[in-house]
Every structure is written in C-alpha cells, then in structure tokens.
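I opened the file to look up how the elements pack and pair. The entries below follow the order in which I checked them.

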Protein chains: 2
Amino acid sequence: MLLKEIGEFGFIKKISRGCLIRPQNILKSIGDDAAAFFMNPGDVTLVTTDLLIDRVHFLRHRTTGFNLGYKSLSVNLSDIAAMGGIAREAFVSIAIPGDCEIDYLDMVYRGMKTLASEFGVNILGGDTTSSKADLVINITVIGSVSEKEMLCRNGAQHGDTILLTGFLGDSQAGLHLLSENTPETSKGLEGLINAHILPKPFLKEGQFLARQRCVHAAIDISDGLGSDLGHIIKQSNVGARIYHKKIPVSKNLAKFCTHFHLDPFNYAFTGGEDYILLCTVPSDKAKRLDKDYRKRFNQPLYAIGEITDSGKIELVQANGQIREVEPSGWNHFKTVEKTE
Amino acid sequence: MLLKEIGEFGFIKKISRGCLIRPQNILKSIGDDAAAFFMNPGDVTLVTTDLLIDRVHFLRHRTTGFNLGYKSLSVNLSDIAAMGGIAREAFVSIAIPGDCEIDYLDMVYRGMKTLASEFGVNILGGDTTSSKADLVINITVIGSVSEKEMLCRNGAQHGDTILLTGFLGDSQAGLHLLSENTPETSKGLEGLINAHILPKPFLKEGQFLARQRCVHAAIDISDGLGSDLGHIIKQSNVGARIYHKKIPVSKNLAKFCTHFHLDPFNYAFTGGEDYILLCTVPSDKAKRLDKDYRKRFNQPLYAIGEITDSGKIELVQANGQIREVEPSGWNHFKTVEKTE
C-alpha cells in the first residue's frame with residue numbers, strides 16, 4: 001500500500017493509535033493546531049530536537065523501519081538523559097518520498113512507540129508532508145527536571161573524576177560490520193551491530209545521577225568521546241586527562257579489533273553514537289557514587305581520567321607517555337558523511 | 001562562502017547571535033544537550049512543529065533566504081495564535097545541501113529573527129545537519145496559554161456565528177502571480193505576493209479572542225477555508241453554512257480575478273496559506289466581539305455564516321441556492337504538490 005492511497009489524514013489516523021501512553025494532564029494531542037498539556041509547577045522544561053535524513057544519517061533501503069524509528073527517538077531521549085531529565089512528550093515530523101511504503105512507515109512508528117512506551121513518553125503531535133527525494137524525520141522531545149538536579153556541560157571542576165556509564169566504540173564497530181556486509185565476520189558480534197542500530201537511552205541512569213547532587217557536569221556520547229569531552233572542557237573552562245588503559249572496551253569490540261587488527265581506542269575516542277553518559281564528579285565522591293550506581297543498576301561506572309586546568313585533552317598512553325589529543329569527532333559539514 | 005569552510009560549530013556560533021531576545025527565566029539555550037527554561041506555573045504549554053522542504057513547500061532558487069526564514073517561523077506562530085497562546089521559544093532544525101551558500105542561510109535566520117523579535121520569541125536551539133538533496137527546515141514552537149482561555153477546534157456549537165480576522169485567497173493569488181512570473185500583471189498587486197511570501201501570524205488577535213472567553217472554537221486558515229472549517233465541524237460534531245457574498249475578498253484579489261476572469265470564491269475557499277484566524281462565537285455575542293475587536297485592532301471581524309447541526313458544509317450561493325461543498329483543501333499526499 002502506498003501513502004497516496006490513504007491520504008494525509010488517513011495516515012495521521014493510522015499513526016495516532018497507541019501514541020498516548022500517559023494521558024493524565026494532556027489537554028490536546030494529535031488533532032489540534034498544537035499539543036497542550038500541563039507541566040508540573042517548579043519543574044524545568046527540557047526540549048531537544050533531532051533531524052534525520054536518508055543518505056546522511058541512515059540508508060533507508062538498508063535499514064528496517066522499526067530500527068530507524070527506534071533510533072530516531074532514542075537519540076533525542078539520550079539528550080534528555082544527559083540533562084538528568086524525565087522525557088515526557090515527543091513530536092515527530094516526517095517528510096515522505098513518493099515511493100515509500102506505508103508498511104515501512106508503520107514500522108518506523110512502531111519502533112518509536114516501542115521505545116516511547118518503555119519510557120512513558122507520549123508522541124503528542126508533529127507534521128507529515130511529502131518529499132521530492134529523501135525520507136526526513138525530525139523529532140522534538142520535551143522533558144523536565146528540577147532546577148537543582150539539572151546536569152549541564154559547564155559545571156566540570158579541576159580535580160573531578162570523569163566517569164562513563166558504559167562501553168565506548170561498539171556502535172562504530174557495528175557500523176563497520178554493517179557497511180562491510182560480511183555475515184561470517186559478524187558471527188558472535190551481533191552485540192556491536194545492536195549497539196549501532198538499537199541504542200538505549202540512559203534515561204534512568206541520568207535521573208539517578210542527577211538525584212545524587214554530586215555530579216558537576218554531564219553529556220551523552222553522540223559525536224565521540226573526544227568531541228563530547230571537548231564540549232565539557234570548553235564550556236567549563238577546564239582541561240581533561242584521560243588514560244588509554246582505562247577506556248572501557250567491550251569484549252565484543254576487543255574481539256572485533258583483534259580480528260581486523262585495529263586499535264579499540266580509535267573506535268572509542270572518535271566513534272560516536274554510543275549514547276552512554278559521561279559525567280564528572282568530585283574525586284572524593286566518585287567511589288561512593290560508583291557503589292550506589294552498582295547497587296541500583298548492577299553495572300559499574302568507569303573512571304577514565306580527571307578534569308585538569310590545562311584547557312586541553314591529554315591522553316596518557318599505554319606506555320605512560322602523555323599526548324595531547326584533538327577533540328575530533330563527528331562534524332556534519334567538515335567530514336565524510338556518516339551513514340548507517 | 002560555503003558551509004564546509006566554517007564547519008558545524010562555526011555555523012552554530014554564527015547563527016546564535018541575536019537568538020536570545022527574552023533571557024529572563026532561561027537556564028540553557030543553544031549550546032547544551034537541551035534547552036532549559038521555566039514555564040509559568042498553572043499555564044498550559046503549547047508546542048507546534050512544521051517541516052518545510054525544498055521543491056515541496058518552497059523553491060530555494062526562487063525564494064530569498066529572508067522570506068523563507070520569515071515564513072517558516074510564521075506558519076508555526078500561526079498555530080500558537082489559533083490556540084490563543086503566547087509564543088515563547090522556537091527550535092530550528094535545518095538540513096543543508098552542499099551547494100547552499102552561508103549568506104543564504106544567514107538570511108534565512110535573519111528572516112526568522114526579524115519575526116521572532118517582533119513577537120518576543122526566543123530561538124532556543126535546534127539541530128543542524130547536511131542533506132544530500134534538498135534544503136529542509138523544521139521548526140518547533142512552544143507557547144503557553146491559560147487553561148480557561150485556550151481556543152480549540154472542538155468547541156463549535158449549533159447557532160454560533162463564524163468569524164474571520166481577515167481576507168481569504170490573497171496568498172493563493174500571490175502564488176499564482178509568482179508562478180506566472182509576469183511582472184507587468186503583478187503591478188499594483190504586490191499585496192497579494194506579500195500575503196504569500198510574508199504572512200503575518202495573528203498572535204495578538206488570537207490572544208485577544210482567547211481573553212474574551214466567548215469564543216467556542218478557532219483554527220488558522222492554513223489549508224484553505226473548506227479544509228480548515230471541515231476540521232472544526234468534524235471535531236465539534238456540527239455543520240456549517242457559509243455565504244458566498246459574505247466571504248471577505250480584498251480589493252487586490254478582486255482586481256486580480258477580474259484581470260484573469262476568475263471567481264475569487266475559488267481562491268478564498270480552497271487557497272490556503274492565508275493564516276488568518278477563523279473562530280465561532282454565540283450569535284448574540286458576535287456583534288459585541290466585533291465592536292471590541294475593531295476598537296483594539298482597527299479592523300473588523302468578518303461574519304461569513306453560522307454553525308449548524310447538518311454535519312456538512314453548505315454554501316449559500318450568490319443566487320440564493322444552497323449547495324453542499326466538500327471540505328477540500330491542501331493534502332500533502334493526495335493532490336498535486338504546492339510550491340512557492
């Protein structure tokens with residue numbers, strides 16, 4: 001079935017089902033000029049938006065609709081997670097080329113709804129239109145967090161310990177496997193591919209970190225450790241020293257790198273799209289935080305280095321030598337374009 | 001200068017200037033994972049989003065950047081106006097093809113900022129990315145309105161008078177002139193072209209109507225009178241009767257239609273993109289409302305008919321005969337595509 005067969009309003013009706021998960025305090029969702037709802041008084045409202053385009057962020061003909069929808073929403077929820085917020089309402093704009101099947105679009109929304117449902121997020125509205133060339137998806141997510149708990153990029157302080165909530169580089173290695181399209185080498189490495197196509201937002205972890213009141217700064221790793229840590233040090237007016245041997249690398253990535261004779265550090269440092277959280281905390285509170293975090297999530301926090309006053313990122317290499325590293329990472333206009 | 005020369009962050013820095021117009025209560029704008037700000041307790045938060053794509057909603061090579069930016073924001077503000085709300089924060093996502101000049105993009109943002117500044121709207125964040133083919137703009141606007149004043153589509157009641165805040169059809173006639181590209185016929189008809197390229201959102205008018213507490217339903221005319229009145233009658237479970245001779249037609253449109261031997265009603269009924277407001281009020285309050293409105297805006301409200309219980313839109317033609325009309329209008333997937 002093609003979209004032109006059911007028309008715009010038919011399509012909206014079709015996608016509306018299952019969108020309202022938490023109807024309390026919602027006055028208007030899909031169907032009016034704008035969505036309307038109450039926010040809790042005293043709360044900070046968080047808004048994030050991401051635009052994803054065929055042939056730039058994904059390859060429509062090589063990505064399932066479900067995975068595309070899931071990841072499109074996940075990258076937005078990850079931004080709310082990085083602020084320590086609760087994700088509340090999502091707004092989805094989509095531009096659809098003439099040859100795009102309804103079934104595919106249906107799966108796009110099913111991917112979104114699956115994730116939205118898991119985190120209690122409403123898809124409250126959006127826009128649908130046609131496109132002459134590429135499939136385009138823009139998602140805006142509104143969240144909230146109490147003022148005193150909000151995690152920002154600009155609070156890192158000299159002496160802070162730098163912590164990560166998970167492994168780095170898996171997503172980039174997964175992309176590598178998908179691009180090479182070699183099923184035999186992928187065997188046993190499905191975890192890497194999943195890290196790339198179905199990244200989980202660390203919302204509950206972000207909220208936990210925010211509630212502890214000891215985190216000075218936080219960001220999600222979307223562009224790569226170098227780039228995102230670069231944002232922290234620039235906005236906090238500090239520096240950072242990280243240790244090659246402390247970078248958390250999954251067993252899957254280690255296996256993958258052995259197979260391809262690659263250095264996992266390169267994937268971890270520049271890869272991006274891992275969507276784990278990076279935060280900085282006073283060094284005397286890092287251990288206690290790690291302990292509480294393990295108790296809550298049954299996972300450790302990985303300490304990878306400390307905040308300095310150098311104004312740059314220094315890497316302590318395996319041999320003990322210190323090297324200054326450029327905060328390189330994903331840049332939409334300067335580098336070769338990335339596709340899934 | 002091309003975008004690749006200054007890079008993504010250079011571009012963001014460039015467009016950030018002048019975006020924060022009302023900094024009170026803003027905790028985070030461009031530069032963090034999400035924007036963060038306080039909403040007034042008790043207020044309803046309104047959110048609207050519009051996705052605009054080259055060759056569908058506009059023709060980049062035939063539209064100035066300023067006009068494109070201005071209109072992209074205006075259509076969103078119009079949705080907030082239709083709810084009686086105050087527009088507060090805007091979020092702009094933009095996907096940029098490789099051959100797009102910085103100067104053009106700069107003018108796009110200048111157009112947005114000009115309008116944003118007029119209505120006290122912050123551009124608080126967004127996303128920038130590359131595009132393989134078309135320029136894409138997605139804008140999300142967050143507004144607020146008190147619960148008791150909010151204007152919705154579903155409140156129209158049998159017996160209500162249907163009122164418009166301005167002329168219909170000018171925008172569509174302007175598009176016609178632009179498409180024909182005949183400067184000599186456009187002479188003296190610049191008002192029509194302006195109605196199409198620089199539509200004003202009726203924000204102050206919407207807020208005024210909301211405060212009167214007598215408006216039962218409202219919508220902005222984006223898809224055409226037929227289509228948008230169709231939304232009102234469907235969601236309110238009523239019907240409508242409108243009068244051919246009461247449809248407000250500007251002198252410019254009358255002149256244009258005489259020149260081209262066209263019926264202004266067709267432009268008014270199906271044209272769309274006028275972004276005036278349509279509202280329904282109890283018939284015994286329509287006169288008083290019109291009087292107060294004139295006093296405030298020095299403009300009349302145009303009564304074009306009444307709400308019925310017929311479940312359909314009836315048109316009383318010039319000869320007095322009643323004809324049922326289909327709520328036709330702009331549909332992104334069913335009709336020939338519209339371009340500026």
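**Entry 1: a helix on the sheet**

I looked first at α2(A), which lies across β8 and β10 of chain A and runs at about 175° to β8(A). Axes here are lines fitted to C-alpha atoms, for helices over the stretch in contact, and angles run from 0 to 180 degrees between N-to-C directions. Helices (H or I, at least four residues) and strands (E, at least two) are DSSP runs, numbered from the N terminus. Helix α8 (residues 225-236) of chain A also packs on the sheet, where it touches β8, β9 (239-243), β10, β12 (313-316) and β13 of chain A. The direction of α8 makes about 150° with that of β8(A).

I noted the provenance before going on: this is a predicted model, in which local features need pLDDT of at least 70 and side-chain atom pairs count only at pLDDT 80 or more, while totals for chains, interfaces and linings use all residues. Residues are numbered from 1 along each chain as its sequence is written, and chains are lettered from A and ligands numbered from 1 in the order in which they are written.

**Entry 2: the sheet itself**

I traced an open sheet of 7 strands in chain A, in the order β8-β10-β7-β11-β9-β12-β13, with mixed pairing. Its edge strands are β8 (217-220) and β13 (322-325), each pairing on one side only. From one strand to the next, the twist averages 25°. Strands count as paired if DSSP finds at least two bridges between them. Between β8(A) and β10 (residues 277-281) of chain A I found 4 bridges in the antiparallel sense. Asp220(A) has Leu277(A) as its bridge partner in β10(A).

**Entry 3: chain A and its domains**

Chain A has 11 helices and 13 strands. Buried residues make up 54% of its 340 residues. A residue is buried if 20 or more other C-beta atoms lie within 10 Å of its own, exposed if 12 or fewer, and partly exposed in between; C-beta atoms are placed from the backbone.

The domain assignment (automatic or from a database) gives domain 1 (3-146) and domain 2 (161-325) of chain A. The contact between them takes 16 residues from domain 1 and 18 residues from domain 2; residues are in contact if their C-beta atoms lie within 7 Å. Which element gives the largest share of the domain 1 side? I found α2(A), with 11 residues.

In helix α6 (residues 190-197) of chain A, I listed Leu192(A), Ala195(A), His196(A) and Ile197(A) as buried. The buried residues of α6(A) pack against α2, α4 (170-180) and α9 (251-260) of chain A.

**Entry 4: strands of chain B**

Next I checked β3 (residues 43-53) of chain B, which is joined to β6(B) by 11 antiparallel bridges. Because 10 of its 11 residues are buried, β3(B) is largely enclosed by the rest of the structure. Thr45(B) has Ser144(B) as its bridge partner in β6(B), and Leu51(B) has Asn138(B). Strand β3(B) also pairs across chains: β2 (residues 35-38) of chain A runs antiparallel to it over 4 bridges. There Phe37(A) stands opposite Thr45(B).

Strand β6 (residues 136-146) of chain B is mostly covered, with 10 of its 11 residues buried. Strand β4 (residues 86-97) of chain B joins β6(B) through 9 antiparallel bridges. Asn138(B) is the bridge partner of Ser93(B).

My last check was Val56(B), in the loop between β3 and α2 (65-82) of chain B. Val56(B) is buried, with 21 other C-beta atoms within 10 Å.

How values were computed. Two residues are in contact if their C-beta atoms, placed from the backbone, lie within 7 Å.
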